[in-house]
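Let's take a look at a protein together with its ligand. Have the structure open while you read, and try to find each residue as it comes up.

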Amino acid sequence: MSVLGRGSVFVAAFAAVLGVGLMAEAQQRPPADIIAARQQAMKTLGAEMKGIGDAAKAGSITKEDASARASKINEIANQMVSWFPAGTGPESGVKTAALPAIWEKPADYKAAIDRFAGESAKLVAAANTGNAATIAAAQGEVGKSCGGCHQIARQRN
Ligand code: HEC
């Protein structure tokens, strides 16, 4: 077996162990905890987005403030993929606005996360320029990616 072949087998075995570990961890946490945590994180996203949006309207965007908020948004975006394990939808009996589409159309849902993660990375880059117009435009694109996912995945009240 080539060195590359052995490496691939090792990586596959490692990924399998890791996958089982993550699943076990997700199953140990009660759905109510997982749902509360993701709702809280969504509220944080809302607050950080509003912080940048309000500063844009007031003409008071600063590089420091925008960078801190953008980093937080990006950090959350990169965690989102683990927030919706099976059993944390409406069938859990816990109050949640998560729609069954998340589990029924996982590819669409994953695409929405990827779009959001991509736009939030662009927002980090925009914030680092310190240019108010660039930051405001990037914030707008992130907002559209939030809305894109909400359209397919979030129950409207
Ligand atoms: C990939 C999908 C997805 C993306 C991207 C996304 N959301 Fe959400 N959002 C949801 C889902 C699903 C819920 C419902 C969660 C629940 O109730 O379990 C939600 C709920 C919320 C809530 C309500 C939280 C509560 O229960 O009080 C807010 C606020 C929110 N999102 C803001 C945002 C903002 C702002 C962004 C972008 C910066 C964003 N979301 C990006 C899927 C997404």
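## Around the ligand

Start where the ligand sits. There are 22 residues around it, and M42, T96, C146, C149 and H150 come nearest. Keep in mind that you're looking at a predicted model, not an experimental one.

What is the mix of residues in the shell around the ligand: how many are nonpolar, polar and charged? Nonpolar residues number 15, while four are polar and three are charged.

Now for some polar side chains. Here are three that have an atom at a listed distance from a ligand atom:

| Side chain | Ligand atom | Distance |
|---|---|---|
| R38 (N or O atom) | oxygen | 2.8 Å |
| Q39 (N or O atom) | oxygen | 2.8 Å |
| H150 (polar atom) | nitrogen | 2.8 Å |

H150 is worth a second look, since this residue is also among those that come nearest to the ligand.

So which elements give two or more residues to the shell around the ligand? They are α2 (31-58), α5 (106-129) and α6 (132-153). Helix α2 gives the largest share, with eight residues. As for the space that the ligand takes up, that is the largest pocket.

## How sure is the predictor?

Over the protein, the mean pLDDT is 88, and 83% of the residues reach 70 or more. Two stretches have low values, though. Residues 1-5 have a pLDDT below 50, and beyond near neighbours in sequence this stretch has two contacts in the model. For residues 7-18 the pLDDT is below 50 as well, and that stretch has one contact beyond its near neighbours in sequence.

Notes: Residues are numbered from 1 along each chain as its sequence is written. This is a predicted model: local features need pLDDT of at least 70, side-chain atom pairs count only at pLDDT 80 or more; totals for chains, interfaces and linings use all residues. Side-chain values use heavy atoms; hydrogens and water are left out. pLDDT is the predictor's confidence in each residue, from 0 to 100. Contact means heavy atoms within 4.5 Å. A residue is near a molecule or strand if one of its heavy atoms lies within 4 Å of it. A polar contact is a pair of N or O atoms within 3.5 Å; within protein, one must be able to donate a hydrogen and the other to accept it, and residues adjacent in sequence count only if both atoms are side-chain atoms. On a 1 Å grid over the protein atoms alone, a cavity is a set of points where a 1.4 Å probe fits but cannot get out, and a pocket is an open set with protein on both sides within 12 Å along at least five of seven lines; lining residues have an atom within 4 Å of a point. A molecule sits in a cavity or pocket if more than half of its atoms lie within 2 Å of its grid points. Helices (H or I, at least four residues) and strands (E, at least two) are DSSP runs, numbered from the N terminus. Ala, Val, Leu, Ile, Met, Phe, Trp, Tyr, Cys and Pro count as nonpolar, Asp, Glu, Lys and Arg as charged, and the others, Gly among them, as polar.
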